[in-house]
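I opened this notebook to keep track of what I looked up, entry by entry, for someone who has not met this structure before. The entries follow the order in which I took up each topic.

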Amino acid sequence: MSYAIARIRKLKQDNLAGSWSHVARTRTTANANTDVANRRLIGELGADLNSLVTAKIESSPQRRKIRPDAVYSVEILLTASPSYFRPDDPSEFGQYEGERLEHWVQANLQWLKQEYGDRIVLSELHLDEATPHLHAFLVPIDKRGQLNCRAIFGERHALRKFQDRYHAAVAHLGLERGIQGSQANHQDIRDFYQIVNQGRDLSAEVSTEILRAKAADRDRAITQRNEMEQTAKLQQQRIQELEAENSRYRAEVGVWKRKYQDQVSVSELRRLPLEQVAHELGLNQDATDRQKWSDGTHYLSINGSKFYTFRGNRGGGGAIDLVMQVQQCDYKQAVVWLKEHFGEAAALR
């Protein structure tokens with residue numbers, strides 16, 4: 001027996017980027033096969049979720065000030081039991097029958113368009129995980145042109161009716177509806193991944209083949225989690241190494257300050273190690289490319305006594321020139337700055 005599965009998640013403005021990073025695969029996703037391409041079903045290719053949602057809201061004819069806690073989008077996840085997509089062996093991770101998949105995709109697209117129309121701004125078909133599933137993003141604009149998620153999903157029994165309407169749209173494919181009146185809460189998208197990774201299903205009368213598929217997905221998820229934990233440990237070690245290196249830089253800066261406290265000539269200022277000057281300017285050294293430095297505004301490369309700024313596409317040499325570029329100041333101001341940070345006598349000279 002195969003089931004139709006539908007989940008939703010309400011997204012506020014600061015949730016859009018996180019949801020999109022998963023859907024667009026811009027971050028590592030457990031169980032995802034990087035050799036398999038996903039498909040854009042609705043929405044302009046290359047467009048991201050935030051821009052599409054923003055454009056839809058701004059095109060609303062009666063747009064008013066948006067509340068800080070407003071729901072900007074509702075993410076809808078649609079899928080089916082593994083036995084629908086691969087009836088011969090539901091445990092075959094990542095496999096599906098092409099004809100069954102296309103029938104399912106067309107039924108879903110037709111339902112989304114009939115149910116929500118152009119309020120669906122983006123939809124992606126994921127084929128790189130255990131079982132095909134579809135992500136659709138709805139901008140909850142009501143008849144007055146206002147963001148109003150309550151008007152769509154806020155009334156009593158709204159989620160039950162949502163499940164009823166979706167099942168009616170895919171019932172011709174042989175898909176059953178989940179048990180009505182179940183005490184389990186299946187309304188959130190995260191529950192779908194719990195079903196896949198923990199082996200839960202929509203009823204106690206699930207077939208042995210589906211349980212095998214769930215178990216295979218769960219074991220894969222456990223392996224991925226262990227790998228991620230190991231990666232996290234290595235990253236923590238690297239952070240500690242960088243902190244120790246940063247402490248050494250601060251100690252070296254202190255040495256330079258004491259060395260030039262009494263007498264430093266302008267020519268000697270020019271020969272100050274650019275790494276020390278960059279650190280004093282508040283720039284941070286890139287962990288993967290030790291020649292690159294940045295503070296979020298300035299991005300530059302240091303090679304010996306020379307440097308190159310990427311945003312300004314300008315090069316230079318010496319500590320004074322570096323201070324002038326970063327601080328956007330003139331020659332005298334740069335010398336004074338270096339005096340304040342590396343010695344008193346330099347400014348006098």
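**Entry 1: the sheet.** I began by noting that the model is a predicted one, and then turned to its strands. I found an open sheet of 5 strands in the order 1-3-5-4-2, with antiparallel pairing. At its edges I located strand 1, residues 4-12, and strand 2, residues 39-42; each has a single partner strand, so one side of each has no neighbour in the sheet. I also looked up the turn between neighbouring strands of this sheet, which is 20° on average when direction is ignored.

**Entry 2: strand 2 and its partner.** I followed strand 2 to strand 4, residues 120-126, and found the two paired in the antiparallel sense over 3 bridges. Which residue of strand 4 stands opposite I42? I found S123 in that position. The two strands are also linked by side chains, since E124 forms a salt bridge with R40 in which the closest N and O atoms are 2.4 Å apart. I noted that E124 belongs to strand 4 and R40 to strand 2, with their positions 84 residues apart in the chain, so that the pair links distant parts of it. Both E124 and R40 are buried.

**Entry 3: other salt bridges.** I counted 14 salt bridges in the structure. One of them joins the side chains of R25 and D128, at 2.8 Å from N to O. R25 sits in the loop between helix 1 (16-23) and strand 2, whereas D128 sits in the loop between strand 4 and strand 5 (133-138), and these distant parts of the chain are 103 residues apart. Is D128 buried or exposed? I entered D128 as buried, because its relative accessibility is 4% and the cut-off for buried is under 20%. I then looked at E97 and R100, whose side chains meet in a salt bridge at 3.6 Å, N to O. Of this pair, E97 is partly exposed with a relative accessible area of 33%, and R100 is partly exposed as well, at 29%. I added that salt bridges with shared partners join R25, D128 and E129 into one network.

**Entry 4: aromatic rings.** I found 8 aromatic pairs in the structure. In one of them, Y84 and F85 have ring centres 5.1 Å apart and planes at 80°, so I wrote the pair down as edge-to-face. Y84 is buried at 3% relative accessibility, and F85 is buried with a relative accessible area of 0%. The rings of F153 and F162 are also edge-to-face, because their planes stand at 70°, with the centres 5.9 Å apart. I noted that F153 and F162 are both buried, and that these two residues belong to one aromatic cluster together with W111, Y116 and Y166.

**Entry 5: a surface patch and a hairpin.** Which residues make the nonpolar surface patch of about 270 Å²? I found Y299, Y308 and F310 there. Y299 lies in strand 8, residues 299-303, and is partly exposed with a relative accessible area of 33%. I then looked at strand 9, residues 306-309, which pairs with strand 10, residues 314-317, in the antiparallel sense over 4 bridges. F307 has G316 in strand 10 as its bridge partner. The hairpin of strand 9 and strand 10 has 4 residues between the strands, and in it I noted a positive phi near 50° at N313.

Terms used: Residues are numbered from 1 along each chain as its sequence is written. Side-chain values use heavy atoms; hydrogens and water are left out. Patches are made of residues with over 30% relative accessible area and no salt bridge: like charges are joined within 9 Å, nonpolar side chains (Val, Leu, Ile, Met, Phe, Trp, Tyr) within 5 Å. Accessible areas come from the Shrake-Rupley method with a 1.4 Å probe; for residues, only the protein chains shown count as cover. A salt bridge is a side-chain nitrogen of Lys or Arg within 4 Å of a carboxyl oxygen of Asp or Glu. Buried means under 20% relative accessible area, exposed over 50%, partly exposed in between (1.4 Å probe, protein chains only). Rings of Phe, Tyr and Trp (its six-membered ring) pair if their centres lie within 6.5 Å; planes under 30 degrees apart count as stacked, over 60 as edge-to-face and the rest as tilted. Two strands pair if DSSP finds at least two bridges between them. Axes are lines fitted to C-alpha atoms, for helices over the stretch in contact, and angles run from 0 to 180 degrees between N-to-C directions.
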